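Visitor: Could you take me through the structure that is about to appear? I would like to begin with the core and then turn to the strands.

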Amino acid sequence: MTGFSVRRLGWLGCWLALSVALPAQADPFFVRVYGRTYKIDPRYPSDEKGPKPQDAMKALPADLAKGPGFRPSHEEVLAEVEERVWIAGNQLDAKLDDAARSRDRRGGAPDPKAARQEIAGSLATGDGPGRSPELQTLYDRNRALNLLARELRRSLDLPVRTPDSGFSRPKLTPEIEAIFRAQNFDPYAAYIGFRRVKAAFRSNDAELLARTAHYPVTVTGKVRRTLRTREQLIAARETLLNQAVRDAVAKSTFETVFVRDKGMMLGDGAVWITSDKTGFGLGAVQVE
């Protein structure tokens, strides 16, 4: 009897360990994204803090469900969501750093890194010190978008983990690849640069736009200007992020951009994404 009990306990112990190690299965639900409906069947660590996936998804941007006027492919939907993830993630990082430095100056933590970890932990659970309504909203939105992107990648049989670049590798036709390779450009590096610049204009956030810039950035129009620093670019936010330029960038697609040795042209010259040894970034803006 004792031997049977031990064997049974050993099997039960293995089962319990396996159930903890494997992702837990949440109830499936549906989300409307860019005019398309997706069944979300999330898997998440059983010890994950914070709300369940269906509750976390309530923080998705309200306009996410709106269709673009045409039926996008699943790959296009994922690319649009990943742009939003890139925006939310970068904005959250900046705000967390600001909050951590502020708290450190007040003597609330031994160093900014420790303060950041403590604040992030409070945001994950929705309680504790260091939270502000603005920071909590941004954290919740970032979590929801990341969960959505993860499930969209799963549905497309892509690696679920967020790529280091922030953007999943697209399926490019041989013709498109040839256009970029003819200029000695890596088409996938060009795609990442395109998505980052597009996301930065989408965000209407000059701080994010500055992260994508290749200095000096040339601004042409009634007056020609050369922006040589991040501070100069941020000071010119109203010029660079005017609605006409943002609309031109928003309508651009990677498959239809004009490519030459200088880089990629968006919106009949409204924006140029140029190439250097670091990759592709914002190089020029033309303002009417």
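Guide: The answers below deal with the nonpolar cores and then with strand pairing.

Visitor: What should I know about the model beforehand?

Guide: This is a predicted model, in which local features need pLDDT of at least 70, side-chain atom pairs count only at pLDDT 80 or more, and totals for chains, interfaces and linings use all residues. Residues are numbered from 1 along each chain as its sequence is written, and side-chain values use heavy atoms, with hydrogens and water left out.

Visitor: Which residues have the most contacts inside the largest nonpolar core?

Guide: They are F180, F201, L233, F254, M264, V271 and L282, in a core of 42 residues. A nonpolar core is a set of buried Ala, Val, Leu, Ile, Met, Phe, Trp, Tyr and Cys residues joined through side-chain atoms within 4.5 Å; buried means under 20% relative accessible area, exposed over 50%, partly exposed in between (1.4 Å probe, protein chains only).

Visitor: Which helix gives the largest share of this core?

Guide: Helix α7 (residues 187–203) does, with eight residues. Helices (H or I, at least four residues) and strands (E, at least two) are DSSP runs, numbered from the N terminus.

Visitor: And what does F180 touch?

Guide: Leaving aside residues up to four places away in sequence, F180 touches F185, P187, A190, F254, V257, V259 and M264. Contact means heavy atoms within 4.5 Å.

Visitor: Now the strands. How do β8 and β9 pair?

Guide: Strand β8 (residues 263–266) and strand β9 (residues 271–276) are antiparallel, over four bridges; two strands pair if DSSP finds at least two bridges between them. L266 stands opposite V271 in β9. The two strands form a hairpin with four residues between them, and G267 in the turn has a positive phi of about 60°.

Visitor: How many bridges join β9 to β10?

Guide: Six bridges join β9 to strand β10 (residues 279–286), and these strands run antiparallel. I273 has L282 in β10 as its bridge partner, while T274 has G281. This hairpin has two residues between its strands.

Visitor: Does anything run parallel, and if so, which strand joins β10 that way?

Guide: Strand β5 (residues 213–220) runs parallel to β10, joined by four bridges. The bridge partner of T220 in β10 is Q286.

Visitor: Why is β10 largely enclosed?

Guide: Seven of the eight residues of β10 are buried, so β10 is largely enclosed by the rest of the structure.
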